[in-house]
Amino acid sequence: MSAGVDLDSIPKPIIPGPEMAALARFHTDVTWTGTIQPGGMGPGTPAMTAVGWGKHESIQHGRWIVGTYQQDQFLPDNTFVLTWQLHWVAGWDPTAGEYRATLADNYGHADVMRGRIDGDRLTFETIGAAPVRLRLVWDRSDPADLVWRNEMSVGGAPWSLVEEYHCRPT
């Protein structure tokens, strides 16, 4: 030991608790199909269908869950429109006493969200009073059908559905 240094006074990384086990049940590797609502990607955008996948890994000894997601989007006549990609990091913030997540996608969107688990439902919402707020909801009430929803609120208006997907484990 170095002379005069009390190693116990140096903060150590936290040990993940039961909050991370609760969060992990919503972050399983999946494929999905679903729909994007008309106007969901901005005013005047058409309805679309989508197929995608998500893969997850635990980092920092279980402290965070990292998700990598990708989906292809199509017009109703099956015309390919685009490939969307997202990187997600979620975990328990003991200082805030809530779940926190960051996201970044290939449109250049980046955000920090706060989350909570209510039984079989995980909800993350944009922090603060941004002009466009997002709410992401995972519903595990049917173990065979994880449903994921993306909702938005523009200018404080009520939440509206952007897209909804039915996820199957891989």
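**A ten-stranded barrel and its aromatic cluster**

G67 stands opposite W88 in strand β4, and this pairing is a convenient place to enter the structure, which is a predicted model. The connection between the two strands concerned is made by 10 bridges that join β3 to strand β4 (residues 80–93), the two running antiparallel. β3 and β4 form a hairpin with five residues between them, and in that turn N78 has a positive phi of about 75 degrees.

From here the view can be widened to the fold as a whole. The strands make up a closed barrel of 10, in the order β1-β2-β3-β4-β5-β6-β7-β8-β9-β10, with antiparallel pairing. From one strand to the next, the twist averages 25 degrees.

On the other pairing of β3, strand β2 (residues 48–59) and strand β3 (residues 64–74) pair in the antiparallel sense over 11 bridges, and within this pairing V66 in β3 is the bridge partner of E57. At R63, the charged end of the side chain sits over the ring of W64, 4.7 Å from its centre. A comparable arrangement is found at R25, whose charged end sits over the ring of F26, 5.0 Å from its centre.

Continuing along the barrel, β4 pairs with strand β5 (residues 98–105) in the antiparallel sense over eight bridges. β4 and β5 also form a hairpin, here with four residues between them, and G97 in the turn has a positive phi of about 70 degrees.

H87, which lies in strand β4, shows how this strand is placed with respect to the chain around it. The bridge partner of H87 in β5 is A104. When its neighbours within four places in sequence are left aside, H87 is in contact with V66, G67 and T68, and also with T102, L103 and A104. Is H87 buried, exposed or partly exposed? H87 counts as partly exposed because its relative accessibility is 41%, a value that falls between the limits of 20% for buried and 50% for exposed. H87 and A144, by comparison, are 57 residues apart in sequence and lie 25 Å apart in space, C-alpha to C-alpha.

The aromatic side chains offer a second route through the model. A search of the whole structure finds nine aromatic pairs. One of them is formed by W32 and Y69, a tilted pair with 6.3 Å from centre to centre and 45 degrees between the planes. This pair links distant parts of the chain, since W32 belongs to strand β1 (residues 30–36) and Y69 to strand β3, 37 residues apart. Both W32 and Y69 are buried.

Another pair is formed by W138 and W148, which meet edge-to-face, with 6.3 Å from centre to centre and 70 degrees between the planes. Here too distant parts of the chain are linked, with W138 in strand β8 (residues 132–139) and W148 in strand β9 (residues 146–154), 10 residues apart. W138 counts as buried because its relative accessibility is 7%, and W148 is buried as well, with a relative accessible area of 16%; the cut-off that applies to both is 20%.

These residues also belong to a wider arrangement, for ring pairs link W32, Y69, W88, F124, W138, W148 and Y165 into a cluster. The cluster thus includes W88, the residue that G67 faces across the β3 and β4 pairing, and the account returns to the place where it began.

Technical notes:
Residues numbered from 1 in each chain as written. Predicted model: local features only at pLDDT ≥ 70, side-chain atom pairs only at ≥ 80, totals over all residues. Heavy atoms only, no water. Pairing = 2+ DSSP bridges. Axes fitted to C-alpha atoms, helices over the stretch in contact; angles between N-to-C directions. Phe/Tyr/Trp six-rings, centres within 6.5 Å; stacked < 30°, edge-to-face > 60°. Buried < 20%, exposed > 50% of the residue type's maximum accessible area, 1.4 Å probe, protein only. Lys NZ or Arg CZ within 6 Å of the ring centre and 35° of its normal. Contact = heavy atoms within 4.5 Å.
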